[in-house]
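Trainee: Could we go through this structure together, one topic at a time? I would like each answer to show its reasoning before it settles on a name or a value.

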Amino acid sequence: ENGSVYVDPVVQVHGGGTKNMEAEVVWDNIRGARFQATIDGIWHLGGELLERQGVADPILGYWAVQNRIPGWGRSKLGRQGAWNTEETAYYDVSRARGWCGWSDGRWSVDGGIDALHIGAGNRSAFASIDAAPSPYLRIGFEHGALKSECWATQWNSTERGPLGETAESLFNRSRVFYAVQSWNFHSNWIVQGVYSYVRDKE
């Protein structure tokens with residue numbers, strides 16, 4: 001009676017063909033599940049676990065050979081010592097998201113692993129929810145048409161740093177801080193200012 005939980009399976013399969021290329025058949029397979037829950041109207045939590053495999057189309061193959069899939073992050077490449085070129089790129093990648101937060105209608109605090117979105121539209125040139133998930137902590141305050149948020153996150157690069165005390169060198173990473181102020185002065189108009197600080201650590 002004090003909460004609700006939603007669980008959705010995720011299954012997506014598509015395939016196609018190419019002409020005059022080494023791999024004439026391309027396909028993509030995504031499966032997993034996501035959930036979201038609300039407790040007492042003030043606690044919110046959710047998550048998602050997806051796995052994706054396939055033989056990349058020519059555009060995606062460009063990224064797959066770099067061991068990264070846009071919006072997903074680092075990926076595996078190849079199968080049995082082959083399928084590791086742009087024209088025959090077999091990739092395997094997984095993505096996990098999870099978050100937990102509290103809100104009383106004015107103050108809000110949440111954290112987890114997700115890609116946060118800056119902007120009012122479905123797409124953003126600054127920071128988009130379509131990016132690869134990363135750990136974050138966010139604090140927000142909302143009063144009328146004004147909303148303020150501060151959040152910190154860390155992005156991992158696909159480039160490795162120098163070999164250190166570990167057997168395998170770590171990936172370079174960036175520590176990021178955002179301060180966002182938005183003013184919803186009309187039902188169809190929002191003005192938003194963003195301050196960002198990025199520190200690359202190698």
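Trainee: Which strands each supply at least two residues of the lining of the second largest pocket?

Mentor: This is a predicted model, and in it the second largest pocket holds about 780 Å³ of space. Its lining counts 37 residues, and those closest to the centre are Ser-108, Asp-110, Arg-138, Lys-147 and Glu-149. The strands that each give at least two residues to this lining are E7, E8, E9, E10, E11 and E12, the last of these covering residues 189–201.

Trainee: How many residues in the lining of the second largest pocket are charged?

Mentor: Sorted by class, the lining has 17 nonpolar and 13 polar residues, and the charged residues in it come to seven.  Lys-147 and Glu-149, which are among the residues closest to the centre of this pocket, also meet each other through their side chains in a salt bridge, with 3.6 Å from N to O. The number of charged residues asked for is seven.

Trainee: Of Lys-147 and Glu-149, which one is buried?

Mentor: Buried requires a relative accessible area under 20%. Lys-147 has 33% relative accessibility and therefore counts as partly exposed, whereas the relative accessible area of the other partner is 16%, so the buried residue is Glu-149.

Trainee: Which strand gives the most to the lining of the largest pocket?

Mentor: The largest pocket has a volume of about 920 Å³, and 38 residues line it, with Trp-72, Gly-73, Ala-132, Pro-133 and Asn-156 closest to its centre. Several strands each supply at least two lining residues, including E4 (68–69), E5 (73–74), E9 (134–143) and E10 (146–160). By class, the lining divides into 18 nonpolar, 12 polar and eight charged residues. The strand that gives the most, with seven residues, is E10.

Trainee: How many residues apart in sequence are the parts that the pair Glu-48 and Arg-95 ties together?

Mentor: The side chains of Glu-48 and Arg-95 meet in a salt bridge, at 3.3 Å from N to O. Glu-48 belongs to strand E3 (residues 43–55) and Arg-95 to strand E7 (residues 90–103), so the parts that this pair ties together are separated in sequence by 47 residues.

Trainee: Are Glu-48 and Arg-95 buried or exposed?

Mentor: The cut-off for buried is a relative accessible area under 20%, while exposed means over 50%. By that rule, both Glu-48 and Arg-95 are buried.

Trainee: Which residues are linked with Glu-48 and Arg-95 in a network of salt bridges?

Mentor: One further bridge joins the side chains of Asp-114 and Arg-97, at 2.9 Å from N to O. Asp-114 lies in strand E8 (residues 107–114) and Arg-97 in strand E7, so this pair ties together parts that are 17 residues apart in sequence. Asp-114 is buried, at a relative accessible area of 9%. The structure holds eight salt bridges, and the residues linked in a network with Glu-48 and Arg-95 are Arg-34, Arg-97 and Asp-114.

Trainee: What is the angle between the planes of Trp-183 and Phe-185?

Mentor: The count of aromatic pairs comes to five. Trp-183 and Phe-185 form one that is tilted, with 4.8 Å centre to centre. Trp-183 is partly exposed at 44% relative accessibility, and Phe-185 is partly exposed too, with a relative accessible area of 41%. The angle between the planes is 40°.

Trainee: Which residues does Ser-182 touch, not counting those up to four places away in sequence?

Mentor: Ser-182 lies in strand E11 (residues 171–186) and is buried, with a relative accessible area of 12%. Leaving out residues up to four places away in sequence, Ser-182 touches Ala-145, Leu-146, Lys-147, Ile-190, Val-191 and Gln-192.

Trainee: How far apart in space are Phe-126 and Val-194, C-alpha to C-alpha?

Mentor: Phe-126 is found in the loop between E8 and E9, and its relative accessible area of 44% makes it partly exposed. Beyond residues up to four places away in sequence, Phe-126 touches Ile-118, Tyr-178, Val-194 and Ser-196. Phe-126 and Val-194 are 68 residues apart in sequence, and their C-alpha to C-alpha distance is 9.4 Å.

Trainee: How many strands does the secondary structure of the chain come to?

Mentor: Along its principal axes, the C-alpha trace spans about 60 × 45 × 35 Å, and of the 202 residues of the chain, 27% count as buried. Read along the sequence, the pattern is β-β-β-α-β-β-β-β-β-β-β-β-β. Besides one helix, the number of strands is 12.

Technical notes
Residues are numbered from 1 along each chain as its sequence is written. This is a predicted model: local features need pLDDT of at least 70, side-chain atom pairs count only at pLDDT 80 or more; totals for chains, interfaces and linings use all residues. Side-chain values use heavy atoms; hydrogens and water are left out. A salt bridge is a side-chain nitrogen of Lys or Arg within 4 Å of a carboxyl oxygen of Asp or Glu. Helices (H or I, at least four residues) and strands (E, at least two) are DSSP runs, numbered from the N terminus. Buried means under 20% relative accessible area, exposed over 50%, partly exposed in between (1.4 Å probe, protein chains only). Contact means heavy atoms within 4.5 Å. On a 1 Å grid over the protein atoms alone, a cavity is a set of points where a 1.4 Å probe fits but cannot get out, and a pocket is an open set with protein on both sides within 12 Å along at least five of seven lines; lining residues have an atom within 4 Å of a point. Grid points are joined across faces, edges and corners, and a volume is the space filled by probe spheres set on the points. Ala, Val, Leu, Ile, Met, Phe, Trp, Tyr, Cys and Pro count as nonpolar, Asp, Glu, Lys and Arg as charged, and the others, Gly among them, as polar. Rings of Phe, Tyr and Trp (its six-membered ring) pair if their centres lie within 6.5 Å; planes under 30 degrees apart count as stacked, over 60 as edge-to-face and the rest as tilted.
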